[in-house]
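Okay, thanks for squeezing me in. I'll put the model up and walk you through a few spots in it.

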Amino acid sequence: MGSGVALFDYDNDGLLDIFFVNGAPLADPTPKGTIPQKAGPKYWNRLFHQTKDGKFEDVTEKSGLQGIGYGMGVAAGDFDNDGYEDLYVTAYGGNRLYHNNGNGTFTDVTDKSGTGGSGWSTSAAWVDLDNDGLLDLVVLRYLKWDFDDVWCGEHRDGYRAYCHPDIFPAISPLVYHNDGNGHFTDVTAKAGFDKPGKGLGVAIADYDRDGKIDIVVANDSMLEFLYHNKGDGTFEEVGLTAEIAVDGDGKTYAGMGVDFQDYDNDGLPDLVITNLANQKYALYRNSGDSSFTYDSYMSGIGGMTLLHSGWGIRFLDYDNDGRKDLLIAQGHDLDTIELNFPQLRYKEPMLLAHNTGKGFVDVSADSGEVFQHAWVGRGMAVGDIDNDGRVDAVVTTNDGPAYILHNELATENHWLTLSLVGHRSNRDGIGTLIRVNTSAGSQYVTVTTAGSYLSSSDKRAHFGLGADSVVKSIEIHWPSGIVQKLNDVRADQILTVDEPMASAKP
C-alpha cells in the first residue's frame with residue numbers, strides 16, 4: 001500500500017521541511033491479531049529539516065517523531081491555532097497526534113486528545129467542519145482486515161497474488177470534532193460519516209459554492225463518496241446523484257489518490273481520482289448544478305492513463321501559465337502483474353499531464369530525465385521547496401528510496417504564492433477559497449493540505465500568472481465568512497495575508 005509524505009514548515013523559518021511515514025517489519029507468517037512494531041531506526045518515521053543552503057538534515061530523534069506501528073499516512077495542520085503545524089500520523093493498528101512545541105520537538109498527545117482511532121487507517125484531512133475556527137479531523141479507514149492467511153487462489157498461470165478488496169468488509173471513516181481544549185470528540189455517526197467505505201484518498205472543496213466545505217473520498221473498488229455539507233454540522237453522502245460514484249461506463253474502480261481543485265478556471269472545483277491499469281484515471285468536471293460530468297475521455301486523461309496505475313496526484317501549475325496541470329505517482333499494486341499481463345508494469349515512471357486549456361497532453365517524455373525512471377510510486381506531496389516560484393514534489397516508493405522532484409522549467413511566466421494566517425478562521429486558513437483575477441481571467445484555489453494519497457502538501461496557495469507582472473485583484477473568501485480584497489499585487493513573491501478581524505460580507 002505504500003506510505004505517505006508531508007511537506008510542511010514545522011519551525012516557521014519559511015522553508016518547507018519533509019516528514020516521511022515508514023512501515024514496520026512483518027514476520028512470515030504473521031499471527032492473527034499482530035500489530036507490527038518498529039524494530040529499530042531503519043523503520044522510524046523520518047523528519048528532515050531544510051537548511052538555509054537547500055540541504056536537508058535528519059532531525060528525527062530530536063523531534064520525537066520516530067513513531068510506532070506500521071505507518072501509512074500523514075496530515076499536517078495547526079489544530080490548536082498556536083502558529084505551529086502539528087502532525088497526525090495514521091497506521092495499521094492505531095494513529096498518533098503529535099503537537100508541535102515550537103522548539104523543534106513534538107509531543108505525542110494521542111491519548112489526551114482521544115484521536116487514537118482503530119483499524120487500518122489511511123489518508124486523513126484537517127478541515128473545519130463546522131466553521132468554529134478550529135480544525136477537525138477526518139480519518140479514512142481502508143477495510144476490515146487481519147493477518148489471516150487468506151489464499152486468494154492461483155491465476156491460470158499459477159501465480160499467487162494479493163487478495164482483491166472485495167474479499168474484505170468495508171468500514172466507516174473516523175471523524176473527530178476539535179473541542180478546543182486539546183481534546184477531540186468522535187462525531188462520525190452524528191455528522192453522517194458512518195457509511196462503510198474502503199477509503200484511500202480524501203480531499204476537500206466547496207463543490208456547489210454554498211459557502212460550506214464538502215469532502216470527497218476515493219474508495220477502492222466500490223462507489224466513490226461525496227459528502228455534502230448541510231450546514232448544521234451534518235453531511236449527506238451524494239456521490240451517486242452528483243455522478244462521481246462510478247466511471248463513464250457506470251463501473252466502479254480502484255479509487256486511490258484524489259484531488260479537488262478547479263482545473264478549467266470556471267470557478268467550480270473539479271475532481272480527479274487515480275486507479276489501476278485498464279480502468280483509466282477518473283476526471284470529473286463540475287457542471288455547476290451540483291453534479292459532475294465524467295471527462296476522462298474528452299480531456300485526454302483516459303487515453304494517456306489506460307495502461308497505468310496511479311496513486312499520489314495533485315493539480316498544480318508547473319509552468320505558471322495560469323492553468324492547473326496534473327502530476328501523478330505511478331506503479332501497480334501487484335508485483336507479479338507482468339507475469340499475467342505483459343503489457344502492464346509493476347514499476348512505472350511518473351506522469352505529467354499539461355493542461356492546454358482544451359484538454360490534457362502527456363508531456364512526461366519532454367519534461368526531464370526523472371520521468372524516464374520506473375518506480376513503485378505511492379505517496380506524493382507538492383510545494384515550492386526552494387521558494388523560487390516553481391512547484392516541486394516529493395514522492396515515496398515501496399521498498400525503495402524517496403525522491404525530490406525539483407522543478408527546473410525555464411519560463412518567463414510570473415507567479416504568486418499566498419500564505420494565509422487565519423484569526424477568526426482556523427490559523428492555516430484551510431477551506432479558504434481564493435480567487436485571483438489576471439488579464440487572462442480568474443483562477444481559484446481551495447486552501448488545503450489534504451489530497452493526493454496518504455500525503456500532506458504545502459498549505460500555501462500557488463498561482464501561475466503567465467505574462468502578468470501585477471495581479472489586478474484578489475478575493476479571499478475565509479471560512480469565517482469574511483471576504484478580503486487586495487488590488488494591484490506585485491507578482492513573483494510569497495505574500496503573507498492576515499485575515500481581518502471584521503469585514504463587510506457581500
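Let's begin at Asn81, which counts as partly exposed because its relative accessibility is 27%. Bear in mind that this is a predicted model. Asn81 sits in the loop between strand S5 (70-77) and strand S6 (86-92). What caught my eye is the backbone: phi of Asn81 is near 55°, a positive value in a residue other than glycine.

There's another asparagine to put beside that one. Asn265 isn't a glycine either, and it has a positive phi of about 55°. You'll find Asn265 in the loop between strand S18 (258-261) and strand S19 (270-273). Is Asn265 buried, partly exposed or exposed? Its relative accessibility is 23%, so Asn265 counts as partly exposed.

One more backbone oddity, then I'll move on. The peptide bond from Asp28 to Pro29 is cis, with omega near 0°. Pro29 belongs to the loop between strand S2 (17-20) and strand S3 (46-50).

Now, a lysine. Lys280 is in the loop between S19 and strand S20 (282-286). Buried or exposed, what would you guess for Lys280? Lys280 is buried, because its relative accessible area is 14% and the cut-off for buried is under 20%. So who is around it? Setting aside neighbours within four places in sequence, Lys280 is in contact with Asp249, Asn275, Tyr294, Tyr297, Gly302, Thr305 and Leu306. If you're looking at Asp247 as well, its C-alpha atom is separated from that of Lys280 by 8.8 Å, with the two positions 33 residues apart along the chain.

On to the sheets. The protein has five helices and 35 strands, and I'll pick out one sheet. Four strands make an open sheet in the order S9-S10-S11-S12, with antiparallel pairing. At the edges you have strand S9 (121-127) and strand S12 (184-186), each pairing on one side only. From one strand to the next, the twist averages 20°. As a reminder, strands of a sheet pair through backbone hydrogen bonds. Strand S11 (residues 174-178) runs antiparallel to S12, and three bridges join them. If you want a place to look, Tyr176 stands opposite Asp186 in S12.

Next, the inside. Which residues have the most contacts within the largest nonpolar core? They are Tyr88, Trp126 and Ile215, in a core of 33 residues. The elements giving two or more residues to this core are S9, strand S10 (136-141), S11, strand S13 (199-205), strand S14 (214-222) and strand S15 (225-229). There is also a second, separate core of 19 residues, with Leu416, Ile434, Val436 and Ile474 among them. Going back to Tyr88, and not counting residues up to four places away in sequence, the residues it touches include Gly73, Val74, Ala124, Trp126, Leu137, Val139 and Tyr176. And yes, that's the Tyr176 that stands opposite Asp186.

Finally, the whole thing. How does the radius of gyration of the protein sit against that of a compact globule? The protein has 21 Å, and a compact globule with 506 residues would be near 23 Å, so the two agree. The C-alpha atoms fill a box of roughly 65 × 50 × 50 Å along the principal axes. Buried residues make up 59% of the 506. The accessible surface comes to about 19,200 Å², and 50% of that belongs to carbon and sulfur atoms. Okay, I'll stop there.

Methods. Residues are numbered from 1 along each chain as its sequence is written. This is a predicted model: local features need pLDDT of at least 70, side-chain atom pairs count only at pLDDT 80 or more; totals for chains, interfaces and linings use all residues. Side-chain values use heavy atoms; hydrogens and water are left out. Buried means under 20% relative accessible area, exposed over 50%, partly exposed in between (1.4 Å probe, protein chains only). Contact means heavy atoms within 4.5 Å. Two strands pair if DSSP finds at least two bridges between them. Axes are lines fitted to C-alpha atoms, for helices over the stretch in contact, and angles run from 0 to 180 degrees between N-to-C directions. The radius of gyration is taken over C-alpha atoms; the globule rule is 2.2 Å times the number of residues to the power 0.38. Accessible areas come from the Shrake-Rupley method with a 1.4 Å probe; for residues, only the protein chains shown count as cover. A nonpolar core is a set of buried Ala, Val, Leu, Ile, Met, Phe, Trp, Tyr and Cys residues joined through side-chain atoms within 4.5 Å.
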